[in-house]
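Me: I should like a close look at a single part of this structure, explained step by step for someone in the first year of study. Please connect that part with the rest of the chain.

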Amino acid sequence: FLLLIPKLIFSLELNLVCTNNNALTNEVDVKDIFILLNTDSKKIDLGGLSFQADNILVTKSNISWFSDNVQLYPESNGSVSGILGRYSGELVLNFKSDNNHKTNSLIFNCRKFNIKDRKF
């Protein structure tokens, strides 16, 4: 039992729904996104995009990750990074395509997902 205590204390699994209320983005308009994050397996499900993070850093105030060589589009790979404020609930996602080396950022407000909160 004592061997499992560090794993139980330091592991984190989040199921969040995040909403984009920022009207300043004029390239990509994503309103809602689900994020499932498991720090033990380093698996992240970000909407329809699933990948293994190269590294995940969990601090008292933030959770951040980076993953390289993620298939962003059928014929395009790139990197995905994100930082989630544990108190603010703000999520900043950065996507960088290997083809054009352009970085796109999206900002969301997140909360724990409850099916009863669904609007329709």
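Reply: Asn69 lies in strand 6, in what is a predicted model. The phi angle of Asn69 is near 60°, a positive value in a residue that is not glycine. Asn69 has a relative accessible area of 55% and is therefore exposed, since the cut-off for that term is over 50%.

Strand 6 spans residues 62–73, and its role in the interior deserves attention. The largest nonpolar core holds 25 residues, and those with the most contacts inside it are Ile44, Leu46, Trp65, Val80 and Leu91. Strands that each supply at least two residues of this core include strand 1 (13–19), strand 2 (32–38), strand 7 and strand 9 (103–112). Strand 6 gives the most, with four residues. In soluble globular proteins, nonpolar side chains tend to be buried together.

Leu46 illustrates how such a core residue is surrounded. Leaving out residues up to four places away in sequence, Leu46 touches Ile33, Phe34, Ile35, Phe51, Val80, Leu93 and Phe95.

Ser81 offers a second view of the interior. This residue is found in strand 7, which covers residues 76–85. The relative accessible area of Ser81 is 19%, so Ser81 is buried; the limit for that term is under 20%. Apart from neighbours within four places in sequence, Ser81 is in contact with Trp65, Phe66, Val92, Leu93 and Asn94.

Two further residues may be set beside Asn69. Lys42 also has a phi near 60°, again a positive value in a residue other than glycine. Lys42, however, is located in the loop between strand 2 and strand 3. With 32% relative accessibility, Lys42 counts as partly exposed. Ile115 is found in the segment after strand 9 and, at 54% relative accessibility, counts as exposed. Together with Phe34 and Phe113, Ile115 makes a nonpolar surface patch of about 280 Å².

Finally, the whole chain may be considered. The protein chain contains one helix and nine strands, which follow the pattern α-β-β-β-β-β-β-β-β-β along the sequence. Of its 120 residues, 32% count as buried. The chain exposes about 8400 Å², of which carbon and sulfur atoms supply 55%. Among contacts between residues at least 6 apart in sequence, 32% join residues at least 24 apart.

Definitions and conventions: Residues numbered from 1 in each chain as written. Predicted model: local features only at pLDDT ≥ 70, side-chain atom pairs only at ≥ 80, totals over all residues. Heavy atoms only, no water. Buried < 20%, exposed > 50% of the residue type's maximum accessible area, 1.4 Å probe, protein only. Contact = heavy atoms within 4.5 Å. Core = buried A, V, L, I, M, F, W, Y, C linked by side-chain atoms within 4.5 Å. Areas by Shrake-Rupley, 256 points an atom, 1.4 Å probe, with all protein chains shown as cover. Patch = residues over 30% accessible without salt bridge, like charges linked within 9 Å, V, L, I, M, F, W, Y side chains within 5 Å. Salt bridge = Lys/Arg side-chain N within 4 Å of Asp/Glu carboxyl O.
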